[in-house]
Amino acid sequence: MEAKPKLLDIVRERIRSRHYSLRTERAYLDWIRRFIVFHDKRHPSELSAPDVERFLTHLAVDRHVASSTQNQALAAILFLYREVLEIDLPWIENVVRARMPVRVPVVLPRADVQRLLDQLDGEFHLIAQLLYGSGLRLTEALRLRVKDIDFEYSQVVVRDGKNRKDRVTILPDGVVPSLRLHLRRVAEQHERAVALGFSGVELPDALERKYPKALSDLGWQYVFPADRPSRDPRTGAMRRHHIHETSVQRAIRQAARRAGITKPVGPHTLRHCFATHQLERGYDIRTVQELMGHADVRTTQIYTHVMKKGAAAVKSPLD
């Protein structure tokens, strides 16, 4: 008699059939597991909307999680009920919502950005230049493929960004010479790998089955590949991934300390600087919204609170 598949295995299968990222898969599985444990390991089909409300309220009141964390937990539970159990929960009204803090983003003046960049070298310097010069998120920069860099039109194509949207942003002229040199090295590394019989790179969705030769195509290789291949946690196959985001985060934090910058600085700070400095230069907020990939212009408007045309343009009575 064939064993009945476990619930979390079914969840994993449904997530992969919808081509969600590995990060989302791990987060959803973790929240669903916590939800089940919270209710003494009862099967979710035996629970209802008030049980979901109790769990989410527990996260806000007892665990003091951020609102974004609570929303992620809710998204995971809704996925479980709608896509796996095929149960449509009634509207959840009695949840104590975690507060969404309204924070002004950390933005560096141009001189500090330059001092930060001067403390970086190699591929970390290139990545930081793209974060600041193109307004990329860190994951977007690391997931760039060689074919996504368009030197002729001076643009970068971001594939499958936040909310699974593609967009086009600018390629700074100042990064072109070093980026061309870097891509030549990537091509040489790839040629050596092919000669040794290894050329695999992970491909999105079902492209590997549709275009099996794309695995070894230079255009599909990562712009910032890892030094050595690693095992794909989903398929078990050996694939060349991009460099790990924690190495970039660490390099930028260390560079900020060496530059004497006291503000808390990370990769996303450079994206904040891109938006603010573009607005300060007089670019239309809708243009900046499109380059940033914001779904709502209100997200872009937060940068008007820190630009020099905002509070810094008002003179103090002491002056």
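**Close-ups of a predicted model**

**View 1. K41 is exposed, with a positive phi.** With a relative accessibility of 65%, K41 counts as exposed, because the cut-off for that label is over 50%. Everything in these views comes from a predicted model, so keep that in mind as you look around. You'll find K41 in the loop between α2 and α3. Now check its backbone: phi is positive, about 65°, even though K41 is not a glycine. That's worth a second look, because most residues other than glycine have a negative phi.

**View 2. E86 also has a positive phi without being a glycine.** Here the loop is the one between α4 and α5, which covers residues 110–118. Phi of E86 is near 55°. Is E86 buried or exposed? Its relative accessible area is 64%, so E86 is exposed.

**View 3. Helix α3 spans the distance its residue count predicts.** Helix α3 runs over residues 49–61, which makes 13 residues. What span should we expect for it? Counting 1.5 Å a residue gives 18 Å, because the rule multiplies 1.5 Å by one less than the number of residues. The C-alpha atoms at the two ends of α3 are 18 Å apart, so expectation and model agree. Plenty of this helix is tucked away: A49, D51, V52, E53, F55, L56, T57, L59 and A60 are buried. And what do those buried residues of α3 pack against? Their partners are α2 (22–38) and α4 (67–84).

**View 4. D51 is a buried residue of helix α3.** Zoom in on D51, which sits in helix α3. Its relative accessible area is 13%, and buried means under 20%, so D51 makes the cut. A polar atom of the D51 side chain lies 2.9 Å from the backbone nitrogen of S48. Setting aside residues up to four places away in sequence, D51 touches F35 and H39.

**View 5. Y20 and F79 form a tilted aromatic pair.** Searching the whole structure turns up 7 aromatic pairs. Take the one between Y20 and F79: the ring centres are 5.7 Å apart and the planes meet at 50°, so the pair is called tilted. Y20 belongs to the loop between α1 (7–17) and α2, while F79 belongs to helix α4, so this pair ties together parts that are 59 residues apart in sequence. How do the two fare for exposure? Y20 has 26% relative accessibility and therefore counts as partly exposed. F79, at 6%, is buried. Elsewhere, W31, F35, F38, F55 and Y81 come together in one aromatic cluster.

**View 6. Two arginines sit over aromatic rings.** Which ring lies under the charged end of R145? It is the ring of Y222, with the charged end of R145 4.3 Å from the ring centre. For R180, the ring belongs to F151: R180 lies over its face, at 4.1 Å from the ring centre.

**View 7. Three strands make an open antiparallel sheet.** The 3 strands are lined up in the order β1-β2-β3, with antiparallel pairing. Which strands stand at the edges? They are β1 (149–150) and β3 (167–170); each has a single partner strand, so one side of each is left without a neighbour in the sheet. In general, strands of a sheet pair through backbone hydrogen bonds. Between β1 and β2 (residues 155–158) there are 2 bridges. For D150, the bridge partner in β2 is Q155.

**View 8. V265 and L108 are buried loop residues in contact with each other.** V265 is in the loop between α10 (245–258) and α11 (267–280), and L108 is in the loop between α4 and α5. V265 is buried at a relative accessible area of 10%, and L108 counts as buried at 1%. These two are 157 residues apart along the chain, yet their C-alpha atoms are separated by 8.8 Å. For A255, 10 residues from V265 along the chain, the C-alpha separation from V265 is 9.3 Å. What else does V265 touch, leaving out residues up to four places away in sequence? Besides L108, the list holds L116, I252, R253 and A256. With the neighbours within four places in sequence set aside, L108 is in contact with V113, L116, I261, K263, V265, T269, C273 and H277.

Key. Residues numbered from 1 in each chain as written. Predicted model: local features only at pLDDT ≥ 70, side-chain atom pairs only at ≥ 80, totals over all residues. Heavy atoms only, no water. Helix = DSSP H or I, 4+ residues; strand = E, 2+ residues; numbered from the N terminus. Buried < 20%, exposed > 50% of the residue type's maximum accessible area, 1.4 Å probe, protein only. Contact = heavy atoms within 4.5 Å. Phe/Tyr/Trp six-rings, centres within 6.5 Å; stacked < 30°, edge-to-face > 60°. Lys NZ or Arg CZ within 6 Å of the ring centre and 35° of its normal. Pairing = 2+ DSSP bridges. Polar contact = N/O pair within 3.5 Å; in protein donor to acceptor, adjacent residues only side chain to side chain.
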